[in-house]
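Trainee: Hey, could you walk me through this protein? I'd like to start with the overall picture.

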Amino acid sequence: MLEYELGLWEQGYRRIAGIDEVGRGCLFGDVVAAAVILPEGLVIEGINDSKKLTEKRRNALYEVIQAEALGIGIGYVDAQTVDRINIKQAARLAMKQAVELLQSEPDYLLVDAEKVDSPLPQLAVIHGDALSQSIAAASIIAKVTRDRMCLRWDLEYPAYGIAIHKGYATKQHREALAAYGPSPLHRRSFLGKILAVQEELF
């Protein structure tokens, strides 16, 4: 998980920020990105792509990352903006925000399969959250942050089961959309085909 970081440390880079986002495929709520700078040489045991970890393990690693990181930035882009500029641009905007909110300025960006609008040198790493500790740390921070947001959203819009499926297009979520229609936090640009199919089923 340190292959990319080791190469950059050898080139003299010291503050490497890993960047990742979550919520790109959701029907509901914000897309959330995180940027994380970890100390040079630090190894966090068990770190991996957040999707491959249990919720308990993610939460434990979240606390470790929060304690050890030199800087953490989190960016949020809401559903209305996703609809206006499209999800790819929204994810990039959230990543840009995350980098700009870092307490310590990075000198290099490792990004999960994306390009950040920044003059800083950077590398897009395909499946980076499974290959780079820095990107994996960002994926965990972003995932835990968004999951906790889902718990709050579920209290506000309890009919949709957001706490369970986190806004993804599960059968339960699609049926709730058909029964109640979209909430103000749903991404309207994502719903056309789903609502049309549900109308045919009911």
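Mentor: Sure: 53% of the 202 residues of the protein count as buried, meaning under 20% relative accessible area with a 1.4 Å probe, protein chains only. This is a predicted model, where local features need pLDDT of at least 70, side-chain atom pairs count only at pLDDT 80 or more, and totals for chains, interfaces and linings use all residues. Residues are numbered from 1 along each chain as its sequence is written, and side-chain values use heavy atoms, with hydrogens and water left out.

Trainee: Got it. How many helices and strands are there?

Mentor: The protein has eight helices and five strands. Those are DSSP runs, H or I of at least four residues for helices and E of at least two for strands, numbered from the N terminus.

Trainee: And in what order do the elements run?

Mentor: From the N terminus on, they go α-β-β-α-β-α-α-β-β-α-α-α-α.

Trainee: New topic: where does Asp-49 lie?

Mentor: Asp-49 is in the loop between strand S2 (31–37) and helix H2 (55–68).

Trainee: Is Asp-49 buried or exposed there, and why?

Mentor: Asp-49 counts as buried because its relative accessibility is 6%.

Trainee: So which residues does Asp-49 touch?

Mentor: Leaving out residues up to four places away in sequence, Asp-49 touches Asp-129, Ala-130, Ala-136 and Ser-139. A contact here means heavy atoms within 4.5 Å.

Trainee: What about contacts across the whole protein?

Mentor: Of the contacts with a separation of 6 or more, 65% are between residues 24 or more positions apart.

Methods: Buried < 20%, exposed > 50% of the residue type's maximum accessible area, 1.4 Å probe, protein only.
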